[in-house]
Amino acid sequence: MTAPAVELTGVNKIFNQGRPGEVTALTGVDLTIARGEFIALIGPSGCGKSTLLRLVADLIAPSSGTVTVAGKPARKARLDQEYGIAFQQAGLFEWRTVRRNVELPLELRGQGRRERRARAEEMLELVGLADFARHYPAQLSGGMQQRVAIARALAVHPPLLLMDEPFGALDEMTRERLQDELLRICGTTGTSTIFVTHSIPEAVYLADRVVVMSPRPGRITGIVPIDLGERTETTRQSPGFFTGITKVRAALRGTEAAVGAER
Amino acid sequence: MSVLVDRTVAADPAGPARGRSRTAEGFKGLALVVLPPVVVAVAGLGAWEAIVTVGRVAPFVLPAPSAIWEQFTLSLDTIIRTGTASGTNALVGLVLGTIVALLAAMAAGRFRFLAEVSVPVAAALNALPIIALAPILNNMFSATSNIPRRLVVAIVVFFPVFINALRGLREVDPTHRDLMDSYAAGGWTFTRLVRLPGALPFVFTGLRQASSLAVIAAVVSEYFGGLQDGLGSRITSAAANTAYPRAWAFVLGACVLGLVFYLIALLLERVATPWRTR
Ligand SMILES: Nc1ncnc2c1ncn2[C@@H]1O[C@H](COP(=O)(O)OP(=O)(O)OP(=O)(O)O)[C@@H](O)[C@H]1O
Ligand SMILES: [Mg+2]
């Protein structure tokens, strides 16, 4: 079966429709994401990136248009647990230890105790928090909590990964290491990814395509294909990388100019 | 008074420090927590003694602490016996009231409508002097029955536990809800994994308030008749015989009992919600 990983057609999302406080969060969104593709979503604050992610996750329903995930309606895909998600807030369960937080999605998939424990420890190792497995979230810094949330999202090896600014609270070194790890995981498991970020270099480094959005109303204003091939030590210094950054910046400028002209 | 102590104030300072230097920090923390109230109490008692002796205050107005203490040691056997009776009543009522309150809160938490209706109703009922029910209940049962006092305690306990538990059950972090939705986990799974553990701290806040109230209710309900084998009956009879220091000695016994209940509730809270101790 080769249905695309995600397909949005003619998607609009209006919050509080017909009521005071009506907000058009997204208009006319068409986007097809191939299996194994890495998409970065970038755009100014409030342009509807989180909303788009939540539509794909079927946490909210579109006002019109259709969302399909792995060839199924988004709702069916959610019930089949076709994706893993990391939110803008870490959202850890404060009454569970770090390790048991990472174990939760595995527990809900009915994995055995030993198996899920091993997987959770492996994931914590990955995000550099193996020593904190027995701590409670309240004993961790914000960035560390965010890393636990990433470990939790990765733990199930979902076919589709939805991440909302997951690296926003991390220091530069951790961030770059986790970017490489994320690419490695997605590469080896063939995971499709939608990754929201505010960082242009991060978007360019990670993505196969950078989707640029603009606000009021939220919409996709450009898609920048990135062709850097295999990411290596030198990628971040390569001319191709800087060309990508320039292109994305130009696309974002375009949205800024458009916003400016509206005023 | 202890019933009104704010949750964070009551819970945090005594927290056993976690981590490697647990014991060392624990002792230091304990000293810091225990010392100030002890100093204040000793100073207060000293001042009280001084005022009563120097000012020649009549014993029926206010007996000296030394006189109360003397009576306390003299009547210690009786205090323990009646205290056990009152303590049993308080405990039975506390357990009963808590169970009913938790079941009611879970039922109300499941339906938005029920919750919205029951909170103001419960708050209004809570403002009534429930202790005033004691004479009515006493007349409903035989004079040798333990039931009336225990019922009064259960009713008194119900409200703080119910209101706090319901609040805890209804307050769910939106990210937690989204996350569980993404796992396609609803219904009982959601309740078991998110609602109940999330509500625990609230339940214990209610239980801590209820624990002191339970003792007060168990003691005071004896003032209104019924079986006379607890601390309350001794306080009234001593006062009726103008044996004021002895009445105060039994009041002291009731204080100790209330404190014991409170501390046990606090201890249970620590054990049940280890993630909140830092
Ligand atoms: N539940 C909601 N109810 C009403 N309006 C909402 C809701 N969620 C989002 N919006 C509105 O939709 C718009 C897009 O919000 P969204 O959270 O998707 O932005 P974003 O691109 O993720 O921003 P940021 O980069 O700051 O996270 C905003 O104007 C916001 O006010
Ligand atoms: Mg957002």
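Angles between a helix and a strand run from 0 to 180 degrees and compare N-to-C directions, along lines fitted to C-alpha atoms. With that in mind, welcome to a set of close-ups of a predicted model.

**View 1. Four strands of chain A form an open sheet in the order S2-S1-S4-S5.** The pairing in this sheet is antiparallel. Strands of a sheet pair through backbone hydrogen bonds, either parallel or antiparallel. At the edges of the four-strand sheet stand strand S2 (23-33) and strand S5 (72-73) of chain A; each has a single partner strand, so one side of each is left without a neighbour in the sheet.

**View 2. Strand S1 of chain A pairs with S2(A) and with S4(A).** Start with S2(A), which is joined to S1(A) by 7 bridges and runs antiparallel to S1(A). Here Glu7(A) has Thr32(A) in S2(A) as its bridge partner. Now look at strand S4 (residues 64-69) of chain A: it pairs with S1 (residues 6-15) of chain A over 5 bridges, again in the antiparallel sense. Two places to look for along this pairing are Val6(A), which stands opposite Val69(A) in S4(A), and Thr9(A), whose bridge partner in S4(A) is Thr66(A).

**View 3. Helix H1 of chain A lies across three strands of the four-strand sheet, namely S1, S2 and S4 of chain A.** To find this helix, look for residues 49-56 of chain A. Its direction is at about 120° to S1(A).

**View 4. A second open sheet in chain A has 6 strands, in the order S6-S7-S8-S3-S9-S10.** In this sheet the pairing is mixed. S6 and strand S10 (219-225) of chain A are the edge strands, and each of them pairs on one side only. From one strand to the next, the twist averages 15°. Within the sheet, strand S7 (residues 160-164) of chain A and strand S8 (residues 192-196) of chain A run parallel and are joined by 5 bridges. A pair to pick out here is Leu162(A) and Ile194(A) in S8(A), which stand opposite each other. H1(A) also packs on this sheet, where it touches strand S3 (38-42), S7, S8 and strand S9 (209-214) of chain A. The direction of H1(A) makes about 155° with that of S7(A). Another helix, H5(A), lies across S6 and S7 of chain A and runs at about 175° to S6(A).

**View 5. The second largest cavity has a lining drawn from chain A and from Tyr183(B).** Rolling a probe the size of a water molecule over the atoms shows where empty space is left. The structure holds 2 cavities of 30 Å³ or more, and about 40 Å³ of space lies in the second largest. Tyr83(A), Gly84(A) and Ile85(A) belong to its lining, as do Pro105(A), Arg109(A), Arg152(A), Ala153(A), Val156(A) and Tyr183(B). Strand S6 (83-86) and helix H5 (142-155) of chain A each give at least two residues to this lining, and S6(A) has the largest share, with 3 residues. Sorted by class, the lining of this cavity holds 6 nonpolar, 1 polar and 2 charged residues.

**View 6. The second largest pocket has a volume of about 350 Å³.** Its lining is made of 17 residues, and those nearest the pocket centre are Asp180(A), Leu183(A), Arg184(A), Glu230(A) and Arg231(A). Two or more residues of the lining come from each of helix H6 (172-189) and helix H7 (200-206) of chain A. With 6 residues, H6(A) supplies the largest share. The lining of this pocket divides into 5 nonpolar, 6 polar and 6 charged residues.

**View 7. Chain A is divided into two domains, and chain B is too.** In chain A, domain 1 covers 6-82 and 159-258, whereas domain 2 covers 92-157. The C-alpha centres of these two domains of chain A lie 25 Å apart. Domain 1 of chain A brings 16 residues to the contact, and domain 2 of chain A brings 12 residues. Turning to chain B, domain 1 spans 7-54 and domain 2 spans 65-277. For this chain B pair, the C-alpha centres lie 25 Å apart.

Key
Residues are numbered from 1 along each chain as its sequence is written. Chains are lettered from A and ligands numbered from 1 in the order in which they are written. This is a predicted model: local features need pLDDT of at least 70, side-chain atom pairs count only at pLDDT 80 or more; totals for chains, interfaces and linings use all residues. Side-chain values use heavy atoms; hydrogens and water are left out. On a 1 Å grid over the protein atoms alone, a cavity is a set of points where a 1.4 Å probe fits but cannot get out, and a pocket is an open set with protein on both sides within 12 Å along at least five of seven lines; lining residues have an atom within 4 Å of a point. Grid points are joined across faces, edges and corners, and a volume is the space filled by probe spheres set on the points. Ala, Val, Leu, Ile, Met, Phe, Trp, Tyr, Cys and Pro count as nonpolar, Asp, Glu, Lys and Arg as charged, and the others, Gly among them, as polar. Two strands pair if DSSP finds at least two bridges between them. Contact means heavy atoms within 4.5 Å. Domain bounds come from an automatic or database domain assignment.
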